[in-house]
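Trainee: I have a model open and would like to go through it with you. Can we start with the packing and then move to the ligand and the cysteines?

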Amino acid sequence: MEDHKKEGRYSRIYQQLETLVRKSNNMQARMATIVAVLHHKMEYFFWTGFYLIDNGEMTVHIYQGPVACQILEKDKGVCWAAFNKKETVVVEDVHQFPGHIACDSRSNSEIVVPFKNREGEIIGVLDVDSSEKAAFSEIDARWLEKVMELVWVS
Ligand code: SME
């Protein structure tokens, strides 16, 4: 998707979500709403969802898309890389990423954004896969980081 189109799309999604999330203070209701809106409004999103750390394990949480791995091997793959580095990781070609965990062979590029709790501690990640190569850029990183803050907005 072209940059200007992406910006416009994210801007409208953000406005829509700002209204939607306020209908509930429940963290999971908000996460589910965010994932559903992103997944269905962004046609290049092939898998969209959260992995949260549960008893030290990177465990799948709310998502949309094909069935995914429930637990990701520790310190392997893109989700663990973003979690350990405490920063967003954009991968243009997952087949070139050492240790990438392929839950679905149709994924070609990926973005993983750390997910923080209300106190600012990283408790998991938002992971988005695309079947297109190099689908994600700094624009996705910036907007997805902003969108995730809506889980905690009052
Ligand atoms: N590719 C991820 C695993 C999760 S799936 O993409 C849904 C990774 O390497 O961590």
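Trainee: What do the buried residues of α4 pack against?

Mentor: Keep in mind that this is a predicted model. The buried residues of α4 pack against the helices α1 (3-21) and α2 (27-41) and the strands β1, β5 and β6.

Trainee: And which residues in α4 are buried?

Mentor: Helix α4 covers residues 138-148, and its buried residues are I139, D140, A141, W143, L144, V147 and M148.

Trainee: Let me step back to the fold. How many helices and strands does the protein have?

Mentor: There are 4 helices and 6 strands. Along the sequence their order is α-α-β-β-β-α-β-β-β-α.

Trainee: What about the overall dimensions of the C-alpha trace?

Mentor: The trace spans about 40 × 40 × 25 Å along its principal axes. The radius of gyration is 14 Å, which agrees with the value near 15 Å for a compact globule of 154 residues.

Trainee: How much of the protein is buried?

Mentor: Buried residues are 47% of the 154. As for the outside, the protein exposes about 7,900 Å², and 46% of that comes from carbon and sulfur atoms.

Trainee: What share of the contacts is between residues 24 or more positions apart?

Mentor: Such residues account for 56%, counting contacts with a separation of 6 or more.

Trainee: Back to helices. Is α3 mostly covered or mostly open?

Mentor: Mostly covered. Helix α3 runs over residues 77-85, and 7 of its 9 residues are buried. Those are G77, V78, C79, W80, A81, A82 and F83.

Trainee: What covers them?

Mentor: The cover includes β1 (47-54), β2, β3, β4, β5 and β6 (122-130). Just past the end of α3, K86 has a positive phi of about 60°.

Trainee: Now the ligand. Which residues come nearest to the ligand?

Mentor: V78, C79, I101, E110 and D129 do, out of 13 residues around it.

Trainee: Which polar atoms of C79, I101 and D129 are close to it?

Mentor: For C79 it is a polar backbone atom, 2.9 Å from an oxygen atom of the ligand. I101 also has a polar backbone atom there, 2.8 Å from a nitrogen atom of the ligand. With D129 it is a polar side-chain atom, which lies 2.8 Å from a ligand oxygen atom.

Trainee: How much of the ligand's area does the protein cover?

Mentor: The ligand has 300 Å² of accessible area on its own, and the protein covers 99% of that.

Trainee: E110 was on your list. Which residue in the loop between β4 and β5 is in contact with E110?

Mentor: H100, which is found in that loop. Apart from neighbours within four places in sequence, H100 is in contact with G77, V78, V94 and E110. H100 counts as buried, at 16% relative accessibility.

Trainee: On to the cysteines. How many disulfides are there?

Mentor: A search of the whole structure finds 1. C69 and C103 form it, with their sulfur atoms 2.2 Å apart. The link is left-handed, at -125° about the S-S bond.

Trainee: What does the pair tie together?

Mentor: C69 lies in the loop between β2 (57-64) and β3 (71-72), and C103 in the loop between β4 (89-91) and β5 (109-116), so the disulfide joins parts that are 34 residues apart in sequence.

Trainee: Are C69 and C103 buried or exposed?

Mentor: Neither. C69 is partly exposed, with a relative accessible area of 22%, and C103 is partly exposed at 30%.

Trainee: Why is C79 not in a disulfide?

Mentor: The nearest cysteine sulfur, that of C103, is 7.8 Å away. A disulfide needs the sulfur atoms within 2.5 Å, so the pair does not count as one. C79 is buried, with a relative accessible area of 3%.

Trainee: One last residue, D104. Where is D104, and what does its side chain contact?

Mentor: D104 is in the loop between β4 and β5. Its side chain makes a polar contact of 2.8 Å with the side chain of R106. Leaving out neighbours within four places in sequence, D104 is in contact with F46 and P66.

Trainee: And is D104 buried or exposed?

Mentor: D104 counts as buried, with 16% relative accessibility.

Terms used
Residues numbered from 1 in each chain as written. Predicted model: local features only at pLDDT ≥ 70, side-chain atom pairs only at ≥ 80, totals over all residues. Heavy atoms only, no water. Helix = DSSP H or I, 4+ residues; strand = E, 2+ residues; numbered from the N terminus. Buried < 20%, exposed > 50% of the residue type's maximum accessible area, 1.4 Å probe, protein only. Polar contact = N/O pair within 3.5 Å; in protein donor to acceptor, adjacent residues only side chain to side chain. Contact = heavy atoms within 4.5 Å. Near = heavy atom within 4 Å. Areas by Shrake-Rupley, 256 points an atom, 1.4 Å probe, with all protein chains shown as cover. Rg over C-alpha atoms; globule rule 2.2 N^0.38 Å.
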